[in-house]
Amino acid sequence: MTQRTTMLGAIALTIAACATAADTDRASKDLEKALAGRTAGQPTDCISTMSADGPRIVDDRTLLYGSGRTIWRTTIEACPSLRPGDILIVEMHGSQLCRNDLFRTTEPGAVIPGPYCRMGHFVPYTRPTR
């Protein structure tokens, strides 16, 4: 391997690391903004999809459902295909979205979805009444 090839590889890794750090910072700020002024409640296994807007993909581990007074946050163990802007394909059994329900993601315009991932617990973040 030439010195030039080695240098180009090192530059590419540095750029990728910076992009990942920037994405993480943006996701943290987005999550902080979405949950600002809200208090976390007790985790639950299921939420009603009738009153929950979403999902909003924050990052590769976090989904938000709901709006208004309560936002439900679910943290996924590991889902490398989960990215903001993707489309979620959720396999629901009944009228509620529950922990361990399976989902897959796909990029807009893509034909083949990514691997299966599982929903985590749903933590309500509630804005105090005025």
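**Entry 1: salt bridges**

I began with the charged pairs and found Arg83 and Glu107 joined side chain to side chain in a salt bridge, 3.0 Å from N to O. This pair links distant parts of the chain: Arg83 is in the loop between β5 and β6, Glu107 is in the loop between β8 and β9 (117–118), and 24 residues separate them. I checked exposure next. Arg83 counts as partly exposed, at 37% relative accessibility. Glu107 is also listed as partly exposed, with 42%.

A reminder to myself before going on: this is a predicted model.

How many salt bridges does the structure hold? I get 2. Besides the Arg83 pair, I noted Arg99 with Asp45, whose side chains meet at 3.1 Å, N to O. Arg99 sits in the loop between β7 and β8 and Asp45 in the loop between β1 and β2, so this salt bridge ties together parts that are 54 residues apart in sequence. Arg99 is partly exposed at 33% relative accessibility, and Asp45 is partly exposed at 37%.

**Entry 2: an arginine without a partner**

Then I went to Arg38, in the loop between α1 and β1 (39–40). Which side chain of opposite charge is nearest to Arg38? I found Asp53, but it is 10 Å away. For a salt bridge I need a nitrogen of Lys or Arg within 4 Å of a carboxyl oxygen, so 10 Å does not qualify. Arg38 is therefore left buried with no salt bridge.

I also listed what Arg38 does touch. Leaving out neighbours within four places in sequence, its contacts are Gly68, Arg69, Thr70 and Ile71, plus Tyr125, Thr126 and Arg127.

**Entry 3: overall layout**

I stepped back to look at the fold. The protein has 1 helix and 10 strands. Reading from the N terminus, the helix comes up at the start and the strands follow: α-β-β-β-β-β-β-β-β-β-β. Of its 130 residues, 28% count as buried. I looked at contact range as well: among contacts with a separation of 6 or more, 55% are between residues 24 or more positions apart.

**Entry 4: the largest pocket**

I put the volume of the largest pocket at about 150 Å³. Which residues are closest to its centre? They are Asp59, Asp60, Leu82, Arg83 and Pro84, out of 10 that line it. I had already met Arg83 in the salt bridge with Glu107.

α1 (3–35) and β3 (56–59) each give at least two residues to the lining. α1 has the largest share, with 3 residues. By type, I sorted the lining into 5 nonpolar and 5 charged residues, with no polar ones.

**Entry 5: three buried spots**

I picked Leu31 in helix α1. Is Leu31 buried or exposed? Its relative accessible area is 13%, and the cut-off for buried is under 20%, so I call Leu31 buried. Beyond four places in sequence, Leu31 touches Val58, Thr62, Leu64 and Arg73. I noted the spacing of Leu31 and Arg73 too: 42 residues apart in sequence, 9.6 Å from C-alpha to C-alpha.

Ser81 was my next stop, in the loop between β5 (70–75) and β6 (87–91). At 10% relative accessible area, Ser81 is buried. Not counting residues up to four places away, I see Ser81 touching Asp86, Thr105, Gly114, Pro115 and Cys117.

Gly66 is in the loop between β4 (62–65) and β5. Gly66 is buried as well, with 18% relative accessible area. Past four places in sequence, Gly66 touches Ala52, Asp53 and Ile71. I also looked up Gly66 against Tyr125: they are 59 residues apart along the chain, with 9.8 Å between C-alpha atoms.

**Entry 6: backbone oddities**

Last, I went through the backbone angles. Most peptide bonds are trans, and most residues other than glycine have a negative phi. I flagged two spots against that background.

Where is the cis peptide bond I noted? It runs from Gly54 to Pro55, with omega near 15°. Pro55 lies in the loop between β2 (46–48) and β3.

The other spot is Asn100, a residue other than glycine with a positive phi, near 75°. I placed Asn100 in the loop between β7 (96–98) and β8 (102–106). Asn100 counts as partly exposed at 37% relative accessibility.

Methods. Residues numbered from 1 in each chain as written. Predicted model: local features only at pLDDT ≥ 70, side-chain atom pairs only at ≥ 80, totals over all residues. Heavy atoms only, no water. 1 Å grid on protein atoms, 1.4 Å probe; cavity = no way out; pocket = protein on both sides within 12 Å on 5 of 7 lines; lining within 4 Å. Points joined across faces, edges and corners; volume = space filled by probe spheres on them. Helix = DSSP H or I, 4+ residues; strand = E, 2+ residues; numbered from the N terminus. Nonpolar A, V, L, I, M, F, W, Y, C, P; charged D, E, K, R; others polar. Buried < 20%, exposed > 50% of the residue type's maximum accessible area, 1.4 Å probe, protein only. Lys, Arg positive; Asp, Glu negative; His and termini not counted. Contact = heavy atoms within 4.5 Å.
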